[in-house]
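Trainee: Could you take a close look with me at one part of this model, the surroundings of the ligand? I would like one connected walk through it, and then a short tour of what else is there.

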Amino acid sequence: MAGLCRRYGGRAAVHGLDLRVERGDLYGFLGPNGAGKTTAIRAILGLIQRDSGQVEVFGERHPVRQREEIGALVETPTFSEWLSGRNNLRIAAAYAGRGSEADIDEALERVGLRERAGERVGGYSLGMKQRLGIARALLGKPRLLVLDEPTNGLDPRGMKEVRDLLKELVRRDRLTVFVSSHLLAEVEAMCNRVGILDRGQLKAEGSVAELVKRLGGATHVEVGVATTDRPRALGVFEKLGGVEAMGEGEDGRMLLSLRGLEPAALNRALVEGGIDVGALVPRAGTLEELFLSVTSSEPGVA
Amino acid sequence: MPRQFSSMVKVELLKVFTRGSGIGTLVVSALVAAFVTLLTWKVSGWQDGMSFNGQPVRGLFAFDVVTVGAWVLYARSLVVIPFLLLLATASAVAGEHADRTLRELAVRPVPRWSILAAKSVALAVLSACSVAITFTVAISLGWVLLGPPAIDQAIAEGDQSLARLALGYAASFFSDLALVAIGMALSVFVRSVGGVVVSIILLLIADRVLWAILALAGFLGVEVARDLVQWTLVAAMGCWKGWDGEFLPSQFAIVGLLTALAWGVAGLRFGRVDVP
Ligand SMILES: Nc1ncnc2c1ncn2[C@@H]1O[C@H](COP(=O)(O)OP(=O)(O)O)[C@@H](O)[C@H]1O
Ligand SMILES: [Mg+2]
């Protein structure tokens, strides 16, 4: 199954990143803004110099031949604005060395831009440009798509359309898709594998199910206590052991991760400590918790 | 050379010929020719009514189609057309770097240098069109207004024929290529259109200062300076000036060498720059 493997290490914005995407994956490259996703993608595509590290695409190491197989969208896609959408795709097809007029039509059709392809790109909305960028990445039938936040600038319907399109490309057209996003829900909704990037380092990688399991069987609860009771509550948690505060839950409740401790025992301990428990909501472990626990929180937030 | 090179050139032509700088180059090429030709025709008309020491001036200056074509050739090499051509080059490289459309080409399976090569071919075609338009307008308009070449003069001076003039125009295409190559090298380093314009102005000033120093040194008897002066940029780019006398092979060799050098530097450097 070692279809596709690439490594990348180097550059300050991204340190020693090692990741592997299998053939047929819809790989979510998740990370907060400024984590280094775009930098990593630029390095993978050979747009910027790598200080160290190698990239291998379908066993190919030569950067030019590698790109034969890749369709890419980096950050906000750019176009020759005074030319039509179709002419911009013609430019891409010419440089790709493949992509006939029929392919251009098909790519436009897939992103719903067939009707407006004759208009100047300068008159397109941000969402239309984003979709034209996706059409351009699809041109010439690449085997691997590398997409950097492709849903940027799209409305919720457009975002869903893109997610569905990517899922279809993987399922029906047997493409491999590597897609970056800072939106956890989006990655969770479409990807089968995820790598979480923070400050240029890969913090966790695996299938969505695996990653959730990696929470180590911990139970998650949200506990509602009065703000004034919080210091005392933290004291109780310390005495109990096996309780880790993970930040803020919904409605200002405390999000806790419990190890070897039943929620009922926690409740009892709090009540015995003289603290009123307004709510105790068990939560299924989600990718969000992992995301929050592995990515650095900003200073000032618990 | 990537197998898709000819399609790359085709789409670069599309961009070069639809940008303002490209259209401007072509329009101004026609305008310069028409303007200089009309001016010559006007001046030649004044001559008719004038007399000098009681003799009519007519025939004193022969303004035929070849003279007009020659003046137009000089006019084309003055600031405007080279500037527009440089602007077209800077837009194609530095401009695309700045607006990040260059990135969309760099993600494709072609070596970096071949992107510059495709753009260079498109810009060379633009220059060739500019030369052809200028020549055609000057000659046809000149012929209509001032009549065919003065045969006797052509025989007398031998070199002032239409064919020689056409060679001069062809030679000015070589100067254009040098300009494109230099514009490309500057683009790769400076990466903004404004930056390229400023740096070419500084480069030309430096070149002329160097030329003046060498010329002075040569005048004062320094042999090396006399040899070196032809290596300065503007002097070398004047290779077309040999049209009515003798083309200097060494001058063409120097222009060719400077062009190749600029292209080489641009190609090598572009292989290593970040195209974000
Ligand atoms: N050209 C650059 N020069 C300096 N710093 C940069 C440059 N590009 C990116 N960075 C820095 O690298 C980090 C990662 O940026 P980026 O890759 O754009 O993150 P992401 O795409 O995950 O939002 C950020 O801290 C950013 O400021
Ligand atoms: Mg980014």
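How far is an oxygen atom of ligand 1 from a polar backbone atom of A:Ala35?

Mentor: Happy to. Keep in mind throughout that this is a predicted model. The distance you ask about is 3.2 Å, between an oxygen atom of ligand 1 and a polar backbone atom of A:Ala35. With a cut-off of 3.5 Å for N or O pairs, that distance counts as a polar contact. A:Ala35 has company here: a backbone N or O atom of A:Gly34 lies 2.7 Å from an oxygen atom of ligand 1, and for a backbone N or O atom of A:Lys37 the corresponding distance is 2.8 Å. As for cover, ligand 1 has 560 Å² of accessible area on its own, and the protein covers 50% of that.

Now step back to the whole shell. Around ligand 1 we find A:Ala13, and then a run from A:Pro32 through A:Asn33, A:Gly34, A:Ala35, A:Gly36, A:Lys37 and A:Thr38 to A:Thr39. Sorted by class, this shell has 5 polar, 3 nonpolar and 1 charged residues.

Where does this sit in the chain? The domain assignment gives chain A a domain 1 covering 2-207 and a domain 2 covering 213-290. Taken over C-alpha atoms, the centres of these two domains of chain A are 40 Å apart. For a landmark elsewhere in chain A, try A:Ala269, which lies in helix α10, residues 263-272. A:Ala269 counts as buried, because its relative accessibility is 15% and the cut-off for buried is under 20%. From the C-alpha atom of A:Ala269 to that of A:Leu138 the separation is 58 Å, with their positions 131 residues apart along the chain.

One last check, on covalent links between cysteines. Over all chains the structure holds 0 disulfides. In chain B, the sulfur of B:Cys129 has its closest cysteine sulfur in B:Cys239, and the two form no bond because 19 Å is too far; a disulfide would need the sulfur atoms within 2.5 Å. Seen from the other side, B:Cys239 is in no disulfide either, with the sulfur of B:Cys129 as its nearest cysteine sulfur. Their surroundings can be put in numbers too: B:Cys129 is partly exposed at 27% relative accessibility, whereas B:Cys239 is buried, with a relative accessible area of 0%.

Note on methods
Residues numbered from 1 in each chain as written. Chains lettered and ligands numbered in written order. Predicted model: local features only at pLDDT ≥ 70, side-chain atom pairs only at ≥ 80, totals over all residues. Heavy atoms only, no water. Near = heavy atom within 4 Å. Polar contact = N/O pair within 3.5 Å; in protein donor to acceptor, adjacent residues only side chain to side chain. Areas by Shrake-Rupley, 256 points an atom, 1.4 Å probe, with all protein chains shown as cover. Nonpolar A, V, L, I, M, F, W, Y, C, P; charged D, E, K, R; others polar. Buried < 20%, exposed > 50% of the residue type's maximum accessible area, 1.4 Å probe, protein only. Domains from an automatic or database assignment. Helix = DSSP H or I, 4+ residues; strand = E, 2+ residues; numbered from the N terminus.
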